[in-house]
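Here are my notes on the model, as numbered points. Please keep the viewer open while you read.

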Number of protein chains: 2
Amino acid sequence: MSLPPARVAARGRRAARPSGDDRELAILATAERLLAEKPLSALSVDDLARGAGISRPTFYFYFASKDAVLLTLLDRVVAEADAAFTGGVFDGLQGGTRENWRAALTAYVDTFRAHRSVALAAASARPDNREVRELWARVCEGWVLRATEVIEAARAQGTAPDGLPARQLAIVLNSMNERVVYGTFSGDGPAIPEDQLVDVLLDVWLTTIYRTPHPA
Amino acid sequence: MSLPPARVAARGRRAARPSGDDRELAILATAERLLAEKPLSALSVDDLARGAGISRPTFYFYFASKDAVLLTLLDRVVAEADAAFTGGVFDGLQGGTRENWRAALTAYVDTFRAHRSVALAAASARPDNREVRELWARVCEGWVLRATEVIEAARAQGTAPDGLPARQLAIVLNSMNERVVYGTFSGDGPAIPEDQLVDVLLDVWLTTIYRTPHPA
DNA sequence: CGATTCGGTCAACAGTGTGTCGAGAGCGGG
DNA sequence: CCCGCTCTCGACACACTGTTGACCGAATCG
């Protein structure tokens, strides 16, 4: 799943000239850097512009708003996460062993870890930003679809017992991942220690799908 | 658990005079009403003030900011949720039957349903608002503690098998609840139909705790 | 019963941020 | 050489926030 329709639409009025491409990259880099220090809401367009060595109006030549920058950043991260997933581990009906699930969860957690500032910012922005919400929803839908397939395949084979409709189980497990990982990396509320994250999640996935933490 | 320390501190400089109490209530009511239409970020202090029939500066006599209003609203909802929980169902080591768990989950979902606008607004505000974050973290910690106790009791009795540390299991299940319920009520992304919410969550709780969806 | 105090109210101000407009600078190509 | 293009920014209009200071009316007290 490569998510071609996700390509950011509100990027800017740029056409094809080379020189100013650097500026665009500079803005993105500045945003990712500053996001590691403060939340997006505490960043002004001016901070982003100055950080990239341009004036505020020039910023608007490249991006329609702060949020558009975040969307572009998120788009990259999502593409990377998707590649990590698709790149081997977990395609189609292949998969379903403990190690397949572990690899998928590890890919998820690692991508989050590698880009926590972007991921955390995206999570904060999502409620107020339709585009971020839709992009994320699309990504989740992809993951849910894939998990649903594997669960159904395991049931057809008799490896997993019947239970909740596969899609519903996939949805709750995915939601759990999202919230638990967010909680661990944002550090508020009761959280799972970062180094045990994958194991804990894996245990719950396996138990609910196969009714035992150590499936065939 | 009654959370006495949660009492909102940033409420206003009011002392004890009667007449102006109505204004405070009017602001809160206006906020809850408007929140059903737009997110908090789209509401100005002026909207709140006009809605309550006062001027903007007067608003500041009662609340330090928009966010303080939300915090007060959330504080009420949380107190209610806590009462629903504590009010019978699920005290101390009592509990652990299917119906106990179901009642607890129903209380959770129903409180959310009854105040969705406040709950959704609080969820959006949490990343940027320390006080909301802390209040919510405190509440979650309470739920996690209680669930942990019940799980440990069941294990001690031999009703539930060993597995993940009880606290970690309680954390992930709680996180799952939060995210799934939020997803269902906010309507973005893949979601569980509202009328099946409790059943689906219950199934996962029981399966992970007792390793079967139909415990003793 | 005038003076004082205090809860409550708001017009006006200062500050910070956003997004836009219009006037250009620099450069390639006809 | 000038046209048109990308790219740049000073200056503006606007929205919203939070504060100040003057003011009103009603209790309270000497």
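How many cavities of 30 Å³ or more does the structure hold?

1. **Cavities.** The count is eight cavities of 30 Å³ or more. Keep in mind throughout that this is a predicted model. The largest cavity holds about 740 Å³ of space. Its lining is made of 37 residues. Closest to the centre are A:Arg126, A:Arg179, B:Arg126, B:Glu178 and B:Arg179.

2. **Lining of that cavity.** What is the make-up of the lining by class? The lining of the largest cavity has 29 nonpolar residues, two polar ones and six charged ones. Set this beside the names at the centre, which include A:Arg126 and B:Arg126. On the method in general, a probe the size of a water molecule is rolled over the atoms, and this shows where empty space is left.

3. **Largest pocket.** The volume of the largest pocket is about 1,100 Å³. Which residues lie nearest its centre? They are A:Ser124, A:Pro127, A:Asp128, B:Ser124 and B:Asp128, out of 42 lining residues. In chain A, α4 (66-86), α6 (116-125) and α8 (166-186) each give two or more residues to this lining. In chain B, α4 (66-86), α6 (116-125) and α8 (166-186) do so too. By class, the lining of the largest pocket divides into 18 nonpolar, ten polar and 14 charged residues.

4. **Symmetry.** How are the two protein copies related? Chain B superposes on chain A after a rotation of 180 degrees, with 0.0 Å of shift along the axis. The RMSD is 0.1 Å. The two copies are therefore related as by a two-fold rotation axis. Within chain B, B:Met176 has the C-alpha nearest that axis, at 2.1 Å.

5. **Interface.** Of the interface residues of chain B, 100% are also interface residues in chain A, so the copies meet through the same surface.

6. **DNA strand C: surroundings.** There are 15 residues around DNA strand C. Those that come nearest are A:Arg56, A:Tyr60, B:Arg23, B:Thr58 and B:Tyr62. Both chains appear in that list. The class split of this surface is seven nonpolar, four polar and four charged residues. Seen from the DNA side, 59% of the strand C atoms within 4 Å of the protein belong to sugar or phosphate, and the rest belong to bases.

7. **DNA strand C: phosphate contacts.** What lies 2.7 Å from a phosphate oxygen of DNA strand C? One case is a side-chain N or O atom of A:Tyr60. Another is a polar side-chain atom of B:Tyr62, again at 2.7 Å from a phosphate oxygen of the strand. The backbone takes part as well: an N or O atom of the A:Val45 backbone lies 3.0 Å from a phosphate oxygen of DNA strand C. The elements with two or more residues on this surface are α3 (56-62) of chain A and α3 (56-62) of chain B. The largest share, four residues, comes from α3(B).

8. **DNA strand D: surroundings.** DNA strand D is surrounded by 16 residues. The closest are A:Arg23, A:Thr58, A:Tyr62, B:Arg56 and B:Tyr60. Of the strand D atoms that come within 4 Å of the protein, sugar and phosphate account for 56%. The surface near DNA strand D has seven nonpolar, four polar and five charged residues.

9. **DNA strand D: polar contacts.** Base or phosphate? For B:Arg56, a polar side-chain atom lies 2.3 Å from a base oxygen of DNA strand D. For B:Tyr60, a side-chain N or O atom is 2.9 Å from a phosphate oxygen. A polar backbone atom of A:Ser55 is 3.0 Å from a phosphate oxygen of DNA strand D. Here too, α3 of chain A and α3 of chain B are the elements that give two or more residues. α3(A) gives the most, with four residues.

10. **Backbone check.** Please look at A:Arg211, which has a positive phi of about 65 degrees although it is not a glycine. A:Arg211 sits in the segment after α9 (197-210) of chain A. B:Arg211 also has a positive phi, near 65 degrees. Its place is the segment after α9 (197-210) of chain B.

Terms used: Residues numbered from 1 in each chain as written. Chains lettered and ligands numbered in written order. Predicted model: local features only at pLDDT ≥ 70, side-chain atom pairs only at ≥ 80, totals over all residues. Heavy atoms only, no water. Least-squares fit on C-alpha atoms with pLDDT ≥ 70 in both. Contact = heavy atoms within 4.5 Å. Near = heavy atom within 4 Å. Polar contact = N/O pair within 3.5 Å; in protein donor to acceptor, adjacent residues only side chain to side chain. Nonpolar A, V, L, I, M, F, W, Y, C, P; charged D, E, K, R; others polar. 1 Å grid on protein atoms, 1.4 Å probe; cavity = no way out; pocket = protein on both sides within 12 Å on 5 of 7 lines; lining within 4 Å. Points joined across faces, edges and corners; volume = space filled by probe spheres on them.
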